[in-house]
Amino acid sequence: MKKTKSMASLLLAGTLLTGVMMSVALPGASSAYAAETTQATTAATGVINVSGNGKLSVKPDIAYVSIGAQTTASTAAKAQASNAQKMSKLTELLKKWSIPQADIQTVQFYVQPNYNYNDKDGQKVTGYTAYHTLEVKYRDLDKIGQLLDDASAAGANNVGSVNFDVENPQTYEDQVIAKAMKDAASKAGSIAKAANRTLGELLSVSDSGTVTPPVVLQRSEAAMSDTASGGTSIQPGMIELNTTLTVQYAMK
């Protein structure tokens, strides 16, 4: 009898152990089934991938002015010394305009030889030219023309481009993104309708970032129209901010 009870106990324990193992295995099987069901559902419904474009035109609030001087002389030392005098006057002018030193940066400085060539003497150095160019940030855009006029009067003879831009494009980022999402939803809705389906839930969004191409005026353009007082008049125009979103929707 004792052996029979022991065997029965072993059989009962084995049965219980098997039941536990089965109950442990079930959740995994259920998860796998759920994953397969989700994949099958997605495959059955399909997806739509579209690009949404957002654009916003805003007024620029900063200008980057390329301005400086260049001087030609018989020697490199003379060219550099003479050019330094012109740049000193220009720097003093910028101080009078209350432009902070942090907004003035040297972007070009060099002295190069000038050559002449003929069949008799070959290549010959005829002199040297010194170049010194500053990039000046300026925010009172209505006075850009006057600033250029005063700089020229002070001796600046190398006035390049004027770049108008938005100093903090993040200020407008929400508006640009909202326009891009609206564009993406409209495109996706049209595609779903053409396929005799309806637009489902939003699955994913990726952003390429907001781009702000600056408006560039070269000196020749900036010469720009004359006002009644004979000064330079520059119109900054508008800046266009752009962003592109890659969006994925499900179809029902």
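Here are some numbered notes on this predicted model, for someone opening it for the first time.

1. Start with how far to trust it. The average pLDDT is 81, and 76% of the residues reach at least 70. Residues 1-44 are a weak stretch, with pLDDT below 50 and 2 contacts in the model beyond near neighbours in sequence. Another one is residues 220-228, where pLDDT also stays under 50. For that second stretch the model has 14 contacts beyond four places in sequence.

2. Now the overall inventory. The protein has 252 residues, of which 30% count as buried, and its secondary structure comes to 5 helices and 10 strands. Among contacts with a separation of 6 or more, 81% are between residues 24 or more positions apart.

3. A good place to look next is the open sheet of 3 strands, which runs in the order β1-β10-β6 with antiparallel pairing. β1 (47-58) and β6 (199-207) are the edge strands, each pairing on one side only. On average, and ignoring direction, neighbouring strands here are turned by 30 degrees against each other. Helix α4 (residues 173-194) packs on this sheet and touches β1, β6 and β10. The direction of α4 makes about 145 degrees with that of β1.

4. How is the sheet stitched together? Between β1 and β10 there are 12 bridges, and Val-47 sits opposite Ala-250 of β10. On the other side, 6 bridges join β6 to β10 (residues 239-251), with Val-205 opposite Val-247.

5. β1 is worth a closer look for its pattern of side chains. In a regular strand the side chains alternate between the two faces of the sheet. Along β1, Ile-48, Val-50, Gly-52, Gly-54, Leu-56 and Val-58 point to one face and are buried. Val-47, Asn-49, Ser-51, Asn-53, Lys-55 and Ser-57 point to the other face and are not buried.

6. Then there is the pair β3 and β4. These two strands run antiparallel and are joined by 14 bridges, and a hairpin connects them through 3 residues. One of the bridges puts Asn-114 together with Gly-127 in β4.

7. Ile-104 is a handy residue for seeing what β3 touches. Ile-104 lies in strand β3, and it counts as buried because its relative accessible area is 16%, under the 20% cut-off. Leaving out residues up to four places away in sequence, Ile-104 touches Leu-94, Ile-99, Leu-134 and Glu-135. Glu-135 is 31 residues from Ile-104 along the chain, yet their C-alpha atoms are separated by 5.9 Å.

8. How many aromatic pairs are there? The count is 2. One of them, Trp-97 with Tyr-138, is edge-to-face, at 5.9 Å centre to centre and 70 degrees between the planes. This pair links distant parts of the chain, 41 residues apart: Trp-97 is in the loop between α2 (76-96) and β3 (104-118), and Tyr-138 is in strand β4 (residues 122-138). Both residues are buried.

9. The other pair, Tyr-110 and Tyr-131, is stacked, at 4.7 Å centre to centre with 25 degrees between the planes. Tyr-110 comes from β3 and Tyr-131 from β4, 21 residues apart. Are the two rings' residues buried or partly exposed? Tyr-110 counts as partly exposed because its relative accessibility is 32%. Tyr-131 counts as buried because its value is 15%.

10. Last, the interior. The largest nonpolar core has 25 residues, and those touching the most other members are Val-65, Ile-67, Leu-90, Leu-94, Ile-99, Ile-144 and Leu-148. β2 (62-73), α2, β4, α3 (144-153) and β5 (158-165) are the elements that give two or more residues to this core. Take Ile-144 as a way in: not counting residues up to four places away in sequence, Ile-144 touches Ala-63, Val-65, Tyr-138, Val-162, Phe-164 and Ile-234. Tyr-138 is also the edge-to-face partner of Trp-97 from point 8. Apart from the largest core lies another, of 10 residues, including Ile-48, Ala-184, Leu-245 and Met-251. Ile-48 is on the buried face of β1 described in point 5.

Methods:
Residues numbered from 1 in each chain as written. Predicted model: local features only at pLDDT ≥ 70, side-chain atom pairs only at ≥ 80, totals over all residues. Heavy atoms only, no water. pLDDT = per-residue confidence, 0-100. Contact = heavy atoms within 4.5 Å. Phe/Tyr/Trp six-rings, centres within 6.5 Å; stacked < 30°, edge-to-face > 60°. Helix = DSSP H or I, 4+ residues; strand = E, 2+ residues; numbered from the N terminus. Buried < 20%, exposed > 50% of the residue type's maximum accessible area, 1.4 Å probe, protein only. Core = buried A, V, L, I, M, F, W, Y, C linked by side-chain atoms within 4.5 Å. Pairing = 2+ DSSP bridges. Axes fitted to C-alpha atoms, helices over the stretch in contact; angles between N-to-C directions.
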